[in-house]
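Work through these exercises with the model open. Try each task before you read its solution.

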Amino acid sequence: AHAHPITIVSILGFLVNLVGVIFFHEHAQIRGEVRYARQENINSLITHIGLDALSSVGIIVSTRLMGQ
């Protein structure tokens, strides 16, 4: 049984987003951002990427439940 292309793309998207979250989180920790506006931008970016990763998980689960 081969994986459906949607599942494959969703898994790849999840992995890319996971790397992005880790990278930006580590970047924010290393730089020790002190400016509030910049920290808010980084927090927003991490939240956005994290939610994008969560949507990939939803697609993966739904395609598996549909038997794709």
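**Exercise 1: The aromatic pair**

Phe 24 has a relative accessible area of 27%, so it counts as partly exposed (buried is under 20% relative accessible area, exposed over 50%, partly exposed in between; 1.4 Å probe, protein chains only). This is a predicted model: local features need pLDDT of at least 70, side-chain atom pairs count only at pLDDT 80 or more, and totals for chains, interfaces and linings use all residues. Residues are numbered from 1 along each chain as its sequence is written, and side-chain values use heavy atoms, with hydrogens and water left out.

Task: Find how many aromatic pairs there are, and classify the pair that holds Phe 24.

Solution.
- Step 1. Take the rule. Rings of Phe, Tyr and Trp (its six-membered ring) pair if their centres lie within 6.5 Å. Planes under 30 degrees apart count as stacked, over 60 as edge-to-face and the rest as tilted.
- Step 2. Count. The rule gives 1 aromatic pair.
- Step 3. Classify. Phe 23 and Phe 24 lie 5.1 Å apart, centre to centre, with 75° between the planes. The pair is edge-to-face, because 75° is over the cut-off of 60 degrees.
- Step 4. Check the partner. Phe 23 is partly exposed, at 49% relative accessibility.
- Step 5. Look across from Phe 24. Its C-alpha is 8.9 Å from that of Asn 43, and the two residues are 19 apart in sequence. Asn 43 lies in helix H2. Asn 43 is partly exposed too, with a relative accessible area of 32%.

**Exercise 2: The whole chain**

Task: Describe the protein by its helices and strands, its burial, its contacts and its surface.

Solution.
- Step 1. Count the elements. The protein has 2 helices and 0 strands. Helices (H or I, at least four residues) and strands (E, at least two) are DSSP runs, numbered from the N terminus.
- Step 2. Place them. Helix H1 covers residues 5–31, and helix H2 covers residues 36–65.
- Step 3. Check burial. Of 68 residues, 19% count as buried.
- Step 4. Check contacts (heavy atoms within 4.5 Å). Take those with a separation of 6 or more: 74% join residues 24 or more positions apart.
- Step 5. Check the surface. About 5,100 Å² is exposed, and carbon and sulfur atoms supply 68% of it. Areas come from the Shrake-Rupley method with a 1.4 Å probe; for residues, only the protein chains shown count as cover.

**Exercise 3: Asn 17**

Task: Is Asn 17 buried or exposed, and which residues does it contact beyond its neighbours within four places in sequence?

Solution.
- Step 1. Locate Asn 17. It is in helix H1.
- Step 2. Read its area. Asn 17 is buried, because its relative accessible area is 11%.
- Step 3. List its partners. With those sequence neighbours set aside, Asn 17 touches Ile 49, Asp 52, Ala 53 and Ser 56.

**Exercise 4: Ser 56 and Ile residues**

Task: How far is the C-alpha of Ser 56 from that of Ile 11, and from that of Ile 6?

Solution.
- Step 1. Start with Ile 11, in helix H1. Its C-alpha is 6.9 Å from that of Ser 56, with their positions 45 residues apart along the chain.
- Step 2. Go on to Ile 6, also in helix H1. Ile 6 and Ser 56 are 50 residues apart in sequence and 9.9 Å apart in space, C-alpha to C-alpha.
- Step 3. Add contacts. Beyond four places in sequence, Ile 6 contacts Ile 59 and Thr 63.
- Step 4. Compare exposure. Ile 6 is partly exposed at 44%. Ile 11 is partly exposed at 38%.
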